[in-house]
Amino acid sequence: MAQHENHRDGLPAGDVVGQTKEQTSPDTKRDAQVRSGGVSGLGAGKPGGSAHEASQRDQVAFSGGASPSEEGIAAVRLPRVRQKLLAEEPLRVTLFGSSTTEGVGASSPATSYAGVFETCIRPYASGGLTVINRGIGGQGAAEMQARLPAVLADQPDLVIWQGGVNDPLTGVPLSRFEDMTRQDLQAICATGADVALMDLQWCRLLDECPAAPAFQAAVHAMGQALHLPVFPRLARMHAWGKELGVGREDLSPDGVHMYDFGYRLLGQAVADWVLTLAGIAQTRAIEP
């Protein structure tokens with residue numbers, strides 16, 4: 001049975017911008033496109049479809065590695081996830097990050113990125129699934145490093161790291177962010193867990209932050225140096241904007257957080273990406 005855990009380690013949210021629960025309502029056409037798979041990174045869950053192709057393109061373009069294929073298992077980037085799913089053993093996933101991971105702006109836990117991701121992965125985890133949400137809004141590299149022992153104690157099979165957003169917004173030096181994040185990623189990798197990264201989002205606050213592009217580049221550089229895949233959220237959000245005919249504020253209404261519509265796109269796309277990197281043939285629709 002799938003389990004969902006939300007750990008805040010006793011710390012306040014402290015978001016960079018205020019939280020609001022007002023939701024935007026995408027029109028019927030946009031929702032239909034998401035459900036039918038006519039969006040970059042979202043598909044009918046079948047190898048060779050738009051989701052599979054998008055994941056392969058993204059991995060080559062943004063992760064510095066060869067794309068996985070079902071005929072070339074050596075190219076699989078998430079071997080522990082693959083082993084757990086194929087052996088029908090329990091899979092433990094820790095989502096480690098800031099407000100995106102916490103789900104700030106979502107109307108409920110189920111409609112957050114973490115909730116949608118869990119719902120999409122669950123059909124493939126016949127041995128059981130536990131998703132541990134260790135996202136706290138407003139935190140940067142220093143606060144995340146302080147919480148690293150809790151992440152390691154989770155004994156996860158997969159950690160999806162999401163960060164680099166609050167550091168440029170709060171004036172953290174790039175070198176400090178890089179050093180602390182690299183230490184964290186190396187410590188997680190040393191446990192034998194699979195590790196994947198997520199880059200920054202498309203939003204007004206980061207567009208207006210001169211330091212943000214350097215942090216965006218740093219996330220990809222660390223992924224390449226440590227041979228870790230990076231989910232290209234920024235590129236995907238721009239692609240969704242074009243494909244769905246929506247703007248930046250539709251995806252990040254308050255200037256930074258994604259809300260239900262954006263989180264649904266993100267959760268589905270990340271789930272599809274993880275399965276692709278694990279070399280798992282997607283025979284079910286990736287839909288929450």
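**Note on a predicted model: strands, a helix pair and selected residues**

1. Gln139 is found in the loop that runs between β3 and α6 (141-146). The model is a predicted one. Gln139 has a relative accessibility of 8%, and because the limit for buried is under 20%, this loop residue counts as buried. Its side chain is joined to that of Arg147 by a polar contact of 2.7 Å.

2. Overall content. The protein has 14 helices and 6 strands. It has 288 residues, of which 56% count as buried. Among contacts between residues at least 6 apart in sequence, 79% join residues that are at least 24 apart.

3. Strand β2. This strand covers residues 91-97, and 6 of its 7 residues are buried, so β2 is largely enclosed by the rest of the structure. β2 pairs with β3 (residues 129-135) through 7 bridges, and these two strands run parallel. β2 also pairs with β4 (residues 158-162), again in the parallel sense, over 4 bridges.

4. Register of the strand pairs. On the β3 side, Leu95 stands opposite Asn133, and Gly97 stands opposite Gly135. On the β4 side, Thr94 has Val159 as its bridge partner. These pairs can be used to check the alignment of the strands by eye.

5. Strand β3. What share of β3 is buried? The count is 7 of its 7 residues, and the strand is described as mostly covered. In a regular strand the side chains alternate between the two faces of the sheet. In β3, one side holds Leu129, Val131, Asn133 and Gly135, while the other holds Thr130, Ile132 and Arg134; residues on both sides are all buried, and both faces are thus covered. The list includes Asn133, which is the residue opposite Leu95, and Gly135, which is opposite Gly97.

6. Thr101. This residue lies in helix α4 (residues 99-102). Is Thr101 buried or exposed? Thr101 is buried, with a relative accessible area of 0%. Leaving aside residues up to four places away in sequence, Thr101 touches Leu95, Phe96, Tyr113, Ala114, Asn133, Arg134, Gly135 and Gln162. Among these contacts, Asn133 and Leu95 are the pair that stand opposite each other in β3 and β2, and Gly135 is the residue opposite Gly97.

7. Gln201. The residue lies in the loop between β5 (194-198) and α10 (204-207). At 3% relative accessibility, Gln201 counts as buried. Apart from residues up to four places away in sequence, Gln201 touches Thr100, Val165, Leu206, Arg233, Leu234, Met237 and Val256. Two of its polar links can be inspected. The Gln201 side chain makes a polar contact of 3.1 Å with the side chain of Arg233, and it reaches the backbone oxygen of Val256 at 2.9 Å. The C-alpha atoms of Gln201 and Arg248 are separated by 9.9 Å, with the two residues 47 residues apart along the chain.

8. Helices α9 and α11. Two packed helices are described by the angle between their axes and the distance between the axes. For α9 (residues 174-189) and α11 (residues 212-226), the axes come within 11 Å and cross at roughly 35 degrees. The crossing of α9 past α11 is right-handed. From α9 the contact takes in Leu174, Phe177, Glu178, Thr181, Arg182, Leu185 and Gln186, and from α11 it takes in Ala214, Phe215, Ala218, Val219, Met222 and Leu226. By class, this contact has 9 nonpolar, 2 polar and 2 charged residues.

9. Backbone at Glu88. Glu88 has a positive phi of about 55 degrees although it is not a glycine. Glu88 is placed in the loop between α3 (79-86) and β2. Its relative accessibility is 53%; because the limit for exposed is over 50%, Glu88 counts as exposed.

10. Backbone at His227. Which phi does His227 have? The value is positive, about 60 degrees, although His227 is not a glycine. His227 is placed in the loop between α11 and β6 (230-231). At 64% relative accessibility, His227 counts as exposed.

Notes:
Residues numbered from 1 in each chain as written. Predicted model: local features only at pLDDT ≥ 70, side-chain atom pairs only at ≥ 80, totals over all residues. Heavy atoms only, no water. Buried < 20%, exposed > 50% of the residue type's maximum accessible area, 1.4 Å probe, protein only. Pairing = 2+ DSSP bridges. Polar contact = N/O pair within 3.5 Å; in protein donor to acceptor, adjacent residues only side chain to side chain. Axes fitted to C-alpha atoms, helices over the stretch in contact; angles between N-to-C directions. Left-handed = near helix turned anticlockwise from the far one by under 90°. Contact = heavy atoms within 4.5 Å. Nonpolar A, V, L, I, M, F, W, Y, C, P; charged D, E, K, R; others polar.
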